[in-house]
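Work through the exercises below with the sequence and the model open. Try each task before reading its solution.

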Amino acid sequence: MKYIQVDINVKREGIEPAVSALLGVGITDTVVEDPADIEDLLDKKNEYDWDYVDESVLQLQEEAPKVTVFLEDDEEGRNKLQSIKVAVEALRIEAEAGIFGEGVDLGPLTVEVSIEDDSQWKDNWKEYFKPKKVGRRIVVKPTWYDYEAGRDDLVIELDPGMAFGTGTHETTTLCLQLMEDYLKPGDKVLDVGCGSGILSIAGALLEASEVLGVEIDPVAVDVARENIALNGVSGTARAQYGDLTKGIDFRANLIVANLMADLVMMLSSDVARHLLPGGKYISSGILVEKRDQVAQAIRDCGFAIDEIREDGMWCAIVASLPEE
């Protein structure tokens, strides 16, 4: 089967804004090529970091940074391609207007499109998704890898499919780390925009009494249900198709929403109606540059800000409602 490869040419400063622009049009899976990562690799800080670096890896230093997206070569994929082109053009206009700072150069922001054969890549992405400990106890493990769990490890087995995240992006790891800190055994948890179900599964493993994952993409709901069953937490967690603004009759002690800044601001008033008094609201998918704007929008909905945690260019906000 044929597929569409979309390469967005950037400078290093343009990588995160480009990924954010793609998130804004629903593109969650990207491949980032950054030659500066090779420099970090060569900056050997410990004797055991590496013994040998292949010449082909060193040659990558000569490549320009880019963000790549793979799409199916069908009507839906071509529609997504048009959305990507529009998003990148909007990003270019914002950059020229100085939105990212005076003199900041995000790079050419050009889009290159090619048609490829999926026999060359269908499962190649899996080699980049390996077991990773993302918090004090939570480990995200793809189904095709063996992993010897430690005594206190909480292992999430995930088969995200090519259309859904692997749980290792900063926005997701921030949520997982904060859930470890704020979720209390017996809490009810609402996962808004549950995607592959990773946060819903984490809630169940952290001893929530009930977890509801809500997702507006019916395909994602199916993936989340499969992953929930795979992890043996169907008795605690479930996923359903729905929109937080209507048709969801569930109140939780903790709500987690790994979305993006604009959606977090838009949904915070509805979150307040679904959160029990004294409950915690963890929101992520927020660029650091929008931190204060989002935090104020959350305050305007009656929340107090407990913590803002950052990881690179991303941040997550923990807020709470007052006790009755």
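**Exercise 1. Find what share of the contacts in the protein is long in sequence.**

Solution. Take a contact as heavy atoms within 4.5 Å. Keep the contacts with a separation of 6 or more; residues 24 or more positions apart account for 66% of them.

Two conventions apply throughout. Residues count from 1 along each chain as its sequence is written, and side-chain values use heavy atoms, with hydrogens and water left out. The model is predicted: local features need pLDDT of at least 70 and side-chain atom pairs pLDDT 80 or more, while totals for chains, interfaces and linings use all residues.

**Exercise 2. State where confidence is lowest and where it is highest.**

Solution. Start with the scale: pLDDT is the predictor's confidence in each residue, from 0 to 100. The protein's mean is 85, and 84% of its residues reach 70 or more. Next, go to the extremes. Helix α3 (residues 55-59) is lowest, with a mean of 48. Strand β8 (residues 188-192) is highest, at 97. Then check the weak stretches. Residues 44-54 have pLDDT below 50, with seven contacts beyond near neighbours in sequence. Residues 56-60 also stay under 50, and the model gives them six contacts beyond four places in sequence.

**Exercise 3. Describe the open sheet that contains β6.**

Solution. Elements are DSSP runs numbered from the N terminus: helices are H or I, at least four residues, and strands are E, at least two. The protein has nine helices and 14 strands. Strands pair if DSSP finds at least two bridges between them. The sheet has three strands in the order β5-β6-β7, with mixed pairing. β5 (132-133) and β7 (154-158) each have a single partner strand, so one side of each lacks a neighbour in the sheet. β5 and β6 (residues 138-142) run antiparallel, joined by two bridges. K133 has V139 in β6 as its bridge partner.

**Exercise 4. Identify the nonpolar cores.**

Solution. First, fix burial: under 20% relative accessible area is buried, over 50% exposed, partly exposed in between (1.4 Å probe, protein chains only). Of the 324 residues, 44% count as buried. A core joins buried Ala, Val, Leu, Ile, Met, Phe, Trp, Tyr and Cys residues through side-chain atoms within 4.5 Å. The largest has 35 residues; L176, M179 and I282 touch the most other members. Helix α5 (residues 170-182) supplies its largest share, six residues. A second, separate core has 29 residues, among them V214, A257, V264 and I298.
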